[in-house]
Structure formats: C-alpha cells, structure tokens
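Please open the structure in your viewer and keep the selection tool at hand. The tour below proceeds from one selection to the next.

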Amino acid sequence: DGSAVVRYSDLQRMSYALQTDLSFSNVDPAVFSSKPSASFPVQGLFDGSGAFAGRGATLQEALEEFEGELTITGREGVLTAFELDGRSQLGLLGAGLLGQHLNRPGITALAEAVPYFKNMPFSDFDLRMSRGADKRITVPEMTLVGDSLLINGSGFIAATNLSEIMEQPLALTLDLGAKGILIEYLETLQLLGSDIDEDGFRRWNQAIEISGTLDKPDTSALMKILNDAARGAW
C-alpha cells in the first residue's frame with residue numbers, strides 16, 4: 001500500500017520531484033530474489049514501511065536518485081544464511097580427528113554448537129535501511145532474536161543501481177549473544193565475554209564480518225572463528 005506525488009517544473013534543471021510513502025505486510029522476502037525461496041537467506045513473513053523522495057531531470061532519474069528510509073519487521077521466521085556443515089566444514093578431515101572428537105573438548109563443543117546456527121528460528125526481526133545522497137544503502141540497525149542466539153548488526157550495501165541491489169556487495173558487522181545450553185559450548189570455545197544484556201543473552205567477545213551479496217551472503221567468517229576456537233581449546 002502507498003501513495004506518491006510527482007511534481008514537474010520547467011523552471012528548474014531537475015524538473016521532476018518525487019515523494020512517496022509505502023507500507024506492506026505479510027511479504028515473503030524471496031519475491032525479491034531470482035533464486036528459489038528455499039535458497040534465500042531469511043524465510044518468513046515481514047511487514048514494513050518507508051518514505052522516499054528524489055529529484056531528477058527525468059522521472060526515471062528522480063526514481064534512481066531517491067533518498068529515504070525503510071523499516072522492516074518480522075516474526076516467527078527462520079534465518080538460513082549461515083552455511084555450516086558439522087562434518088565437511090570442520091576443517092578436521094585432513095587431521096583425522098573426527099573420530100576422536102569426544103576426547104577433544106574443543107571439537108566436541110564445536111560439533112554441539114554448529115546446529116544452533118543452521119536454520120536458526122527467530123521470534124523477532126528488525127531491520128532499518130537508509131539511502132542518502134551517495135546512493136549507498138546503509139544498514140544502521142539489524143536485530144534478530146532467537147531462542148538461543150541474538151544477532152545485532154550494521155553495515156552497508158554498495159548498490160548504486162537499485163535494479164541490481166540483490167547482487168551488489170554487502171558488508172555487515174554482526175555482534176552475537178547466546179543463552180541457554182549454547183553458553184556452555186561457547187565457554188569451552190572461549191568465545192564469550194562477561195557482558196549479559198537485559199534479555200539474558202551473554203555477548204560474544206568478537207564480531208563476525210559478513211560479505212558477499214544480499215542474495216548470497218558470505219558467512220564463512222563465522223565458521224573460521226568457530227574452527228579457530230575449537231583448535232585453541234584442544
């Protein structure tokens with residue numbers, strides 16, 4: 001749902017001025033992807049609202065030059081962005097240690113922790129995106145709350161052409177929190193700090209850097225952190 005106003009003035013070089021407001025509800029984000037729904041990094045139904053304005057010599061230019069902010073919220077969805085395989089990606093096949101992991105505290109903790117990141121269910125999701133004069137889309141705030149994991153993120157999408165936003169470079173910094181039995185495994189891996197927030201999540205002692213694109217985020221940094229921590233806990 002939304003409304004828009006376009007004003008034209010032949011007295012100005014930037015003849016067209018566009019202003020629009022929009023809102024949506026119960027939208028599956030996979031509609032923005034060229035890939036099947038199952039491959040999109042987040043699943044569920046989301047609501048949102050936004051306000052945008054732009055100026056240009058043509059109406060198309062005014063659309064491309066728009067600035068504004070979009071807020072998205074979701075509930076009871078699933079995050080599938082973290083591509084983790086408890087056997088093939090542990091980085092231990094060459095060392096021949098998979099069969100010995102019960103004798104290795106770090107490997108045991110890693111094997112127990114990995115499933116918490118795969119197809120991670122969440123109760124609440126909040127995302128705020130804005131676009132300024134430099135055309136870069138910033139993500140000043142992203143929060144995802146699950147039963148055992150909390151994710152707070154921020155960053156940007158280097159998308160100057162909106163029609164290609166899903167394929168443009170992505171850079172996010174994620175701060176994680178954990179609670180429940182997952183804390184026990186992450187303590188063994190020495191990945192937790194001492195801070196506990198008001199929701200009971202204990203914060204990690206290092207952030208995760210996510211690259212890639214919106215359509216295919218590169219989450220390999222998480223697996224590297226977990227692998228390195230497991231080796232350090234042998």
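In this tour, a charged surface patch is made of residues with over 30% relative accessible area and no salt bridge, like charges being joined within 9 Å. The model is a predicted one.

Begin with the whole protein chain, which has four helices and 12 strands. Of its 234 residues, 40% count as buried.

Next, select E76, D124, D126 and D147, which form a negative surface patch. Within this group, D126 is located in strand β5, residues 120-131. Is D126 buried or partly exposed? With a relative accessible area of 33%, D126 is partly exposed, so it passes the 30% cut-off for a patch.

Remain on strand β5 and select R128 together with E69 of strand β4, a pair 59 residues apart. Their side chains meet in a salt bridge, with 3.4 Å from N to O. R128 is partly exposed at 27%, and E69 is partly exposed at 35%. Add E141 to the selection: E69, R128 and E141 are linked in a network of salt bridges.

Now select E65 and K135, whose closest N and O atoms are 2.9 Å apart in a salt bridge. E65 lies in the loop between α1 and β4, and K135 in the loop between β5 and β6, so the pair ties together parts that are 70 residues apart in sequence.

Finally, select helix α4, residues 220-232, where K224 and D228 lie four residues apart, about one turn of the helix. K224 forms a salt bridge with D228, at 2.8 Å between the closest N and O atoms. K224 counts as exposed at 52% relative accessibility, whereas D228 counts as partly exposed at 40%.

How values were computed: Residues are numbered from 1 along each chain as its sequence is written. This is a predicted model: local features need pLDDT of at least 70, side-chain atom pairs count only at pLDDT 80 or more; totals for chains, interfaces and linings use all residues. Side-chain values use heavy atoms; hydrogens and water are left out. Patches are made of residues with over 30% relative accessible area and no salt bridge: like charges are joined within 9 Å, nonpolar side chains (Val, Leu, Ile, Met, Phe, Trp, Tyr) within 5 Å. Accessible areas come from the Shrake-Rupley method with a 1.4 Å probe; for residues, only the protein chains shown count as cover. A salt bridge is a side-chain nitrogen of Lys or Arg within 4 Å of a carboxyl oxygen of Asp or Glu. Lys and Arg count as positive and Asp and Glu as negative; His and the chain ends are not counted. The place of a charge is taken as NZ of Lys, CZ of Arg, CG of Asp or CD of Glu. Helices (H or I, at least four residues) and strands (E, at least two) are DSSP runs, numbered from the N terminus. Buried means under 20% relative accessible area, exposed over 50%, partly exposed in between (1.4 Å probe, protein chains only).
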